[in-house]
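Please brief me on the internal cavities of this protein, and on one of its open pockets. Keep it to short bullet points.

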Amino acid sequence: MTQRMAVIGGGIVGAAVAREILARRPDAEVTVFDKEDRLASHQTGRNSGVVHAGLYYQPGSQKALLCRRGVRLLEDYCAERGIRRIACGKVLVALDEVERARLSDIEDRARANGVPGIRIIGPGELRELEPHVRGVAALHSPSTSIVDFAEVTQALAADAVAAGAKILLGHEVTGMQVRGSEVVLTTRAAGGTDESAFDQVVACGGLQSDRLAEMAGDGPDPVIMPFRGEYYALKPERRGLVNGLVYPVPDPRYPFLGVHVTPRVDGEVLIGPNAVLALAREGYTWRNVSPADLAGVARTPAFWRFARQHWRTGIREMYGSLSKRRFVAAARAYVPELGDDDVVPGRAGIRAQALDADGGLVDDFRISIRDRIVVLRNAPSPAATSALAIAEHVVSTLEGRP
């Protein structure tokens with residue numbers, strides 16, 4: 001009997017899931033729904049394009065396992081489809097002895113995760129790799145690379161369509177109900193509302209994942225908080241200040257990584273991101289305000305618990321958002337030659353960060369199963385890197401369901 005499968009979300013994970021379903025079940029009827037008029041509209045198409053090697057993640061966690069598997073699958077897929085991927089390498093730069101000590105712990109995690117070629121280097125070797133970067137030491141990850149994840153998404157979607165999938169853009173899922181052996185989705189499009197029945201549903205809704213989970217009958221936690229990440233871009237004549245990715249050493253006291261310098265495959269070099277609470281789920285500027293989304297934040301105890309723990313960080317990030325000088329100064333700590341006039345405003349993205357009821361950041365990927373519905377409730381970075389492996393995991397989960 002033909003399986004009717006729905007995938008909600010047209011980002012890289014949704015496209016990968018649709019492709020994986022049809023690779024395993026060629027006779028399935030797969031429909032992908034996305035409320036936007038193009039694929040990869042949000043997190044997938046608005047990130048820095050880094051293919052993460054798996055340096056930071058707790059060994060044995062889903063992030064660690066799926067990231068490392070995802071890297072291998074993504075590298076093979078890009079080679080197969082002729083998608084440009086640049087192994088530019090990455091340095092985590094320690095500015096002082098406290099940060100140098102943290103590098104050893106990160107190196108241990110990276111080795112446990114199977115990241116190849118990892119090693120701690122001194123300031124001399126750092127200058128050889130990055131002549132304009134300064135630090136007392138660095139962790140070098142030569143295998144870290146960059147790619148255009150929107151291009152990868154388009155290729156995955158094309159594979160799925162070639163295998164028989166139907167992609168419905170401009171179709172927002174507004175309801176989800178299990179009726180006997182079927183899941184009925186209510187969708188809204190330009191032509192009005194409609195209902196469609198499916199045997200199984202996978203929701204990869206990113207910024208809307210908690211709302212989709214509640215539609216599916218799951219609980220309210222974890223809740224998604226939208227954090228906007230803003231970037232500046234180096235002027236073309238200053239792009240030579242870096243050769244590869246230049247990152248800070250993570251500080252375990254703070255929930256976000258901090259400003260870093262990121263070349264992209266199109267030649268652009270980004271500085272950022274910061275992390276400020278967005279005023280709408282899809283609020284890419286300070287002008288994008290949703291009273292309904294803000295009211296939802298205000299009604300969420302988890303947010304206030306998070307805010308009490310990290311209000312100082314929040315204020316610092318907001319200052320960086322409002323002051324170009326402060327923003328650039330954060331990057332100048334690593335690239336001393338960087339001047340305020342060397343940058344122009346760049347893009348912004350939104351990170352769909354899940355918060356547990358106690359206000360803690362959900363660190364690992366989190367997948368919820370409700371009867372015939374699978375919901376990715378937390379899939380932040382490195383979800384794009386891990387997308388093909390996440391798809392394998394999700395479809396294996398589906399195969400174990402009725």
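The points below cover enclosed cavities, then the second largest pocket.

This is a predicted model, in which local features need pLDDT of at least 70, side-chain atom pairs count only at pLDDT 80 or more, and totals for chains, interfaces and linings use all residues. Residues are numbered from 1 along each chain as its sequence is written, and side-chain values use heavy atoms, with hydrogens and water left out.

**Terms**
- On a 1 Å grid over the protein atoms alone, a cavity is a set of points where a 1.4 Å probe fits but cannot get out; a pocket is an open set with protein on both sides within 12 Å along at least five of seven lines; lining residues have an atom within 4 Å of a point.
- Grid points are joined across faces, edges and corners, and a volume is the space filled by probe spheres set on the points.

**Cavities**
- The whole structure holds 2 cavities of 30 Å³ or more.
- The largest cavity encloses about 40 Å³.
- Its lining is G10, G14, A15, A18, V32, L39, L156, A157, A160 and I167.
- Two or more of these residues come from each of α1 (12–24) and α5 (149–162); helices are DSSP runs (H or I, at least four residues), numbered from the N terminus.
- That lining has 8 nonpolar, 2 polar and no charged residues (Ala, Val, Leu, Ile, Met, Phe, Trp, Tyr, Cys and Pro count as nonpolar, Asp, Glu, Lys and Arg as charged, the others, Gly among them, as polar).
- The second largest cavity encloses about 30 Å³.
- L234, L241, V242, V261, I271, V335 and L338 line the second largest cavity, and 7 are nonpolar, with no polar and no charged residues.

**Second largest pocket**
- Its volume is about 610 Å³.
- Of its 25 lining residues, G258, V259, R316, E317 and A330 lie nearest the centre.
- The lining comprises 14 nonpolar, 4 polar and 7 charged residues.
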